[in-house]
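Student: Could we go over how two chains of this model sit against each other?

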There are 4 protein chains.
Amino acid sequence: MNIRTDLALERRELVNDECQGVECDEYTKGNAKITRIKVLNKQGEEAVGKPIGTYITIEGDLISNELPSDDNRRNAVSEELKRLLPKDGTILVAGLGNSDITPDALGPKTASGILATRHIDKDLAETLGLGNLRSVSAISPGVLGKTGIETVEIINGIISRVKPSAVIIIDALASRRLSRLGTTIQISDSGICPGSGVGNSRSEISEKTVGVPVIAIGVPTVVDASTLAEDIMQIKGENTPPADSIGMMVTPREIDTVIDRASGVLSMAINCALHPQMSAEDLSALI
Amino acid sequence: MNIRTDLALERRELVNDECQGVECDEYTKGNAKITRIKVLNKQGEEAVGKPIGTYITIEGDLISNELPSDDNRRNAVSEELKRLLPKDGTILVAGLGNSDITPDALGPKTASGILATRHIDKDLAETLGLGNLRSVSAISPGVLGKTGIETVEIINGIISRVKPSAVIIIDALASRRLSRLGTTIQISDSGICPGSGVGNSRSEISEKTVGVPVIAIGVPTVVDASTLAEDIMQIKGENTPPADSIGMMVTPREIDTVIDRASGVLSMAINCALHPQMSAEDLSALI
Amino acid sequence: MNIRTDLALERRELVNDECQGVECDEYTKGNAKITRIKVLNKQGEEAVGKPIGTYITIEGDLISNELPSDDNRRNAVSEELKRLLPKDGTILVAGLGNSDITPDALGPKTASGILATRHIDKDLAETLGLGNLRSVSAISPGVLGKTGIETVEIINGIISRVKPSAVIIIDALASRRLSRLGTTIQISDSGICPGSGVGNSRSEISEKTVGVPVIAIGVPTVVDASTLAEDIMQIKGENTPPADSIGMMVTPREIDTVIDRASGVLSMAINCALHPQMSAEDLSALI
Amino acid sequence: MNIRTDLALERRELVNDECQGVECDEYTKGNAKITRIKVLNKQGEEAVGKPIGTYITIEGDLISNELPSDDNRRNAVSEELKRLLPKDGTILVAGLGNSDITPDALGPKTASGILATRHIDKDLAETLGLGNLRSVSAISPGVLGKTGIETVEIINGIISRVKPSAVIIIDALASRRLSRLGTTIQISDSGICPGSGVGNSRSEISEKTVGVPVIAIGVPTVVDASTLAEDIMQIKGENTPPADSIGMMVTPREIDTVIDRASGVLSMAINCALHPQMSAEDLSALI
């Protein structure tokens, strides 16, 4: 199984019908199809190649931040986040990736749409009519090749000062299917390995390595060229993967729009989950 | 032959060995492989699906504007342009494409690197120490979906005022092979159909439609997903094309860098061809 | 009177109380102060240094595209445009300025937010549920220093093909007061001289030079440093202008936000004026 | 003395001829004027309003990264840095400021031009022909309003992991003179207070607060409007400052170019100081 994908959903698709140690639950909500995969134990980990944890996948049409359909998607993400987030304490949001590489800019763009509130004290919040704000901070730690520092080191350094009760990580993902780029959102509680989908695995960011719960949110933006060809071939009933293709990752021609829209939906979903007393419109006006 | 490509070179590859009405000449120069295809007549047009004219293809490694290898490539483009350009008259450079879509931004980015001189009169040029400058103008006409105006209409409108002796058109192309994206430059004298490579054919821009010689320069930046899969499959000896894939164009994950570098090489190659009395360094300092 | 300003309102402020040949009318609408200055004849032209025509100025707080106050401002611009625009024929919108210079990017950014419809035929419009769309095209002609072509030449070339019944020109303006940067909108029917406010006057764009009515919309984004100092000095009762200051134009530190918001308000105001049967929300979803 | 400026040089200009506790040394090098101000003690601190330390100012024409004159300036910065930097240990470069606000983007843009090497191990460096590389890391910590975290907290968090022997901080500064924007570079060893020049003082970043030597490099990009007017007035012999002006910071109309060039010169000067065995050309090719 050398298919490159960061989606638990796609890993499970690749496994024969029954796999031990993995629970799977599917339903639809509006026009979104939601799948909840639980990797329960070592057996499950080996079966799907993902660590123990819950993986929620929200599939739909191309993400758009204009259409009412995306209110659905935003709400779905928001609801899942509310369930996963601790009730108390400050939350750190970290947008991973390189803002100079369009398909990798999902994280930084989402982070820049987060309403940071940790520096606003109670009095100021009341003066501004914001009431009882949850404390939130937001960073874009950059990428190892540009900073010289592992992302997990930067996050750990900041955690040591900010002491959040949980970290939300946003990152662009790799999928095995072109049709999932910009259409699918994965939320998980098992942490992530930045760059693992593009064959560039960095030190894990998870509760084990950072000491607080890590909620990861991602949208696939790239697919490996050989995986893509294999995907099309399997549809046609061919089974042998093309051994000689080039390891090049590809992205849709419309990737600028995909990133703009997906980051808009994610940042607003996170803002709504963290400040449930405010409407999306009020939150927009503050950023 | 429903393979999507804008490269005469690739069209010819798809045709059986001998094809009537097409001449082909290959040689290497430094680390660049140069192919000169001449479509001579109707027979040739039908064989390769490209209009009568000369198509020069310069292949190499990924375009980089840093390495000495790209001085070679810049010089190769510059030499071909000098051969194709009329000796006299003002030259209009038009960078086609949508600057908001990274893989389509090659044209506008190249145009913005052109040294426009048409507005600099002789006295000013001499005061600036520029000597006897060739008159050049440069525009980015935008795309039909954003302007509501066919590109050929905009170019014709401007030609009616500027009265150039030739037009240089720059546009991003589609290729059938991933390995040609950002590595290959095509120069032709037969005009172009903007968007034809992405299944979105606009009115032709050629000597026939604009009244002056049209020299087109392009670099492939996208490949059709099904063409890509077919390409990989053919490498494996499969012949049936995947009928069901989705018409989605893909581009490399590193497309931002590809566009930056390719547009840098092209604009400097054009500047050098138009102002041969100046060095690349002197030209850089003026833009 | 060597004060640099593109605002008729400010020119008039500089003139003693009564000036012949100029009519002036002021009122408020919501939180916006609207002034309508009519330059009636040669006497008026000499008095205020602006050509015969109507100049509508809409003043308020810093333009924001978030707050309800800007629905007011958008509506005010939209109403004035509806009054000035011909009832029939295709409309050409031209966003003047250099998109690489933040304070000069108002025109190109506004143009990129215009819904171009000229290429959408009746059948397609009906299929898309758009009904009876007014024909609109939108261009960003660039600046002389980058294109080598006078803006009026480019516009005339395009007019010769598109044959609009009127042209809407958007351009960044110079003001004499810091407090008007990003807060004031001027609409006029007398055409413009691009760059005149920054001491870089280009050929006039007016009904006289392009053959169809020209409606100009602008927002001040820059102020001459010496004008600014004089402005502050006059407030203090000083009268001698500082002769030795440097001719440098300055802009607020927050110019990126100013341009984003002002271009958002202007493009939506124009869209609403041209497609009054559609709501601002529906129009947003189409761009 | 309520003049807003971050330059020790300008603070000193405002003080009467002799001031106790301050040493001042001036010389020229090529076309650059270099001033070295030493604040020696409490008396000096009170006189010039800057903490004890050395402040080197390099003045010249508008910074350009094209002209040979900027090789001079780059070399001058590089030489001063070599003198101030510890001989051993890893160096952390932090580019302060908000990359979405053009005049505040000097820090992030400079950081993105730094060659980060901390993650390149000896073997890889030798394979790449880089020899014995100094360990360098580079970050853009963002701004409090967007992150919710004081810059000094982020830097301290990262220092706790990376353990540098010194930190280089880059930040945009405020000047009292328009003519110094984009023309002057200040290097100091006394740390900085981000935002102090724009009336938005954040916790100090200095050896006292971060535990390792802090070398600050800045270029003025903004001037307070009332300070600007006062500057022009003083030139005219007026002495009363305009009390009523608006606290608005202004920046030159050409600020995009100023930031591009200044960040290019600074990042290359830092790279050259940190990797003296490599030429500027070789360093350029690696970034």
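What follows is a short chat about chains A and D.

Tutor: A quick note before we start: this is a predicted model, where local features need pLDDT of at least 70, side-chain atom pairs count only at pLDDT 80 or more, and totals for chains, interfaces and linings use all residues. Residues are numbered from 1 along each chain as its sequence is written, chains are lettered from A and ligands numbered from 1 in the order written, and side-chain values use heavy atoms, leaving out hydrogens and water.

Student: What rotation superposes chain A on chain D?

Tutor: The fit is by least squares on C-alpha atoms of residues with pLDDT of at least 70 in both copies. It gives an RMSD of 0.0 Å, with 0.0 Å of shift along the axis, and the rotation is 180°. The two copies are thus related as by a two-fold rotation axis.

Student: Which residue of chain A comes closest to that axis?

Tutor: Go by the C-alpha position. At 2.0 Å from the rotation axis, the residue is A:G157.

Student: How many residues does each chain bring to the contact?

Tutor: Contact here means heavy atoms within 4.5 Å. 100% of chain A's interface residues are also interface residues in chain D, so the copies meet through the same surface. Chain A gives 24 residues, and chain D gives 24 residues.

Student: Which side chain of chain D meets A:R118 in a salt bridge?

Tutor: The rule wants a side-chain nitrogen of Lys or Arg within 4 Å of a carboxyl oxygen of Asp or Glu. It finds 2 salt bridges across this interface. In one of them, at 2.9 Å from N to O, the partner of A:R118 is D:E153.
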